[in-house]
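Work through the following exercises with the sequence and the 3D view side by side, and try each task before reading its solution.

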Amino acid sequence: FAFFRSRHGDADTGGGTQADAAQGAGSLTRKAQEGAPNAWAVVSVSEQFVCGSGAAGQVTENCVGDAAARINSQSKFMAHSHHDHSHEHVRRLSSLNRAFIAGILLNDCSAMLAQSLAPMLEQETGVPVLGYLPHMPEAVFGSRHLGLYTAAEIDGLAARIGALAAQLEQSVDMPRLLALCGRRTADGAGRERKAPARKQAARIAVARDEAFCFAYAETLESLRDAGAELVFFSPVHDAALPGGAGGLYLPGGYPELYAGQLSQNAAMRRAVRRAVEAGLPTVAECGGFLYLGQSLEGEDGAVHPMAGALPGAGVRRQKLVRFGYAQLTARADSLLLRAGETVPVHEFHYWDSTENGAAFNAQKPATGRSWTCGFAGPALYAAFPHLYFAGRPQLAERFAAAAEQYGKERRITDGSA
């Protein structure tokens, strides 16, 4: 779905008309379709876009990824230009494939403005407008430097969701929305989750606490489907890794906010370092990658020792580093990827490492910008880029298989097999 956000009234449109805004959204919707051909794209055009601010480029890169660079200059042009020029610009995009955009919801938009925008958006995009959500202070979700707070941190989460649900039933065509949610994609692929291929034979320790909270639910489901039993633990609070683990998954999160607590838990840092050095199959993304380094600068500027399994220090930067979507290509065979294999990835972080590794080549499809990154080996993936196992099930299968094999070898060594 494409989400279009607008201020109430016309005072903040910066000279651009509602038609300009609608046609700009049409451009972004089409670009989303072009940039994300294998998913239902989500486009968020903020109120700054309607005002003609350059911030629109950053917003759209976060949501659309590959198309962001192309959108950036065009979105600013669309917001500032006259109606005729905007209309002509959008008309040139009319041939783009609409198969992967199912509908539009107008977010934070008054009923009167929705009535005005809907026909223009439908005309310019060819995509149905299903309804709107008005300004709802009671349902606001707060954010911080890396996006929204996680569900466990939000007070009154159920009440906020309930308020949104009640409003959706009033201002959105729910039967049509639900019908579109059940629609099969143009390539015929459904979205039903596959049943687990085999019984759980691997045991993978997964970090989950206030410092490590960025793990895709679908990635965890993919690991379970590949035969892994997931055992959660806390690098902040626990003293040891879960017993019998044949694999270790350190997802992203906010280790920089809890660097002091992570450092004080010396027992866990030693356990993780020894496990990685002993060849425990390990996947560490973004925050997890920083935790494996030698040290990490906290939000207060203090430097704290980390696990020390990898070289490099985690340091704070003044802006987002290598932000957005990219393609990651393996330079050699390793735990998750084989030489020459390419997978889509995402980076979203203000902290960087003084040693980012060189196991992979990363490239932004839109701009061609490229860099090397990551550490990898037969039992390791450690890098800033986030992976999405549901999109590449073989990654989960390889991780689970390596964890199973490690567990078997350990039981033989221990004499328990």
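A residue counts as buried when its relative accessible area is under 20%, as exposed when that area is over 50%, and as partly exposed in between. The model used in these exercises is a predicted one.

**Exercise 1.** Locate Ala302 between its flanking strands, and decide whether Ala302 is buried, partly exposed or exposed.

Solution. Begin with the chain: Ala302 is found in the loop that runs between β11 (295–297) and β12 (303–305). Next, take its relative accessibility, which is 30%; because this value falls between the two cut-offs, Ala302 counts as partly exposed. Then look for its partners: once residues up to four places away in sequence are set aside, Ala302 touches Leu296 and Glu297. Finally, turn to Gly260, which is 42 residues from Ala302 in sequence, while the C-alpha atoms of the two are 8.5 Å apart in space.

**Exercise 2.** Find the residues other than glycine that have a positive phi at positions 108 and 286, and describe the setting of each.

Solution. Start with Asp108, which is not a glycine and yet has a positive phi of about 55°. Asp108 sits in the loop between β3 (104–107) and α6 (111–125), and its relative accessible area of 11% is under 20%, so Asp108 is buried. Continue with Cys286, also a residue other than glycine, whose positive phi is near 50°. The loop that holds Cys286 lies between β10 (282–285) and α12 (287–292), and because its relative accessibility is 6%, Cys286 counts as buried.

**Exercise 3.** Describe the surroundings of Ser353, beginning with the element that contains Ser353 and ending with its contacts.

Solution. The element is strand β16, which covers residues 351–353. With a relative accessible area of 7%, Ser353 is buried. A polar atom of the Ser353 side chain lies 3.0 Å from the backbone oxygen of Glu355. Leaving out neighbours within four places in sequence, the residues in contact with Ser353 are Phe289, Gly312, Ala313, Gly314 and Phe384.

**Exercise 4.** Which residues of helix α9 are buried, and what phi does Gly227 take just after α9?

Solution. Follow helix α9 along residues 217–225 and mark its buried residues, which are Thr219, Leu220, Ser222, Leu223 and Asp225. Then step just past α9 to Gly227, where phi is positive, at about 100°.

Terms used
Residues numbered from 1 in each chain as written. Predicted model: local features only at pLDDT ≥ 70, side-chain atom pairs only at ≥ 80, totals over all residues. Heavy atoms only, no water. Helix = DSSP H or I, 4+ residues; strand = E, 2+ residues; numbered from the N terminus. Buried < 20%, exposed > 50% of the residue type's maximum accessible area, 1.4 Å probe, protein only. Contact = heavy atoms within 4.5 Å. Polar contact = N/O pair within 3.5 Å; in protein donor to acceptor, adjacent residues only side chain to side chain.
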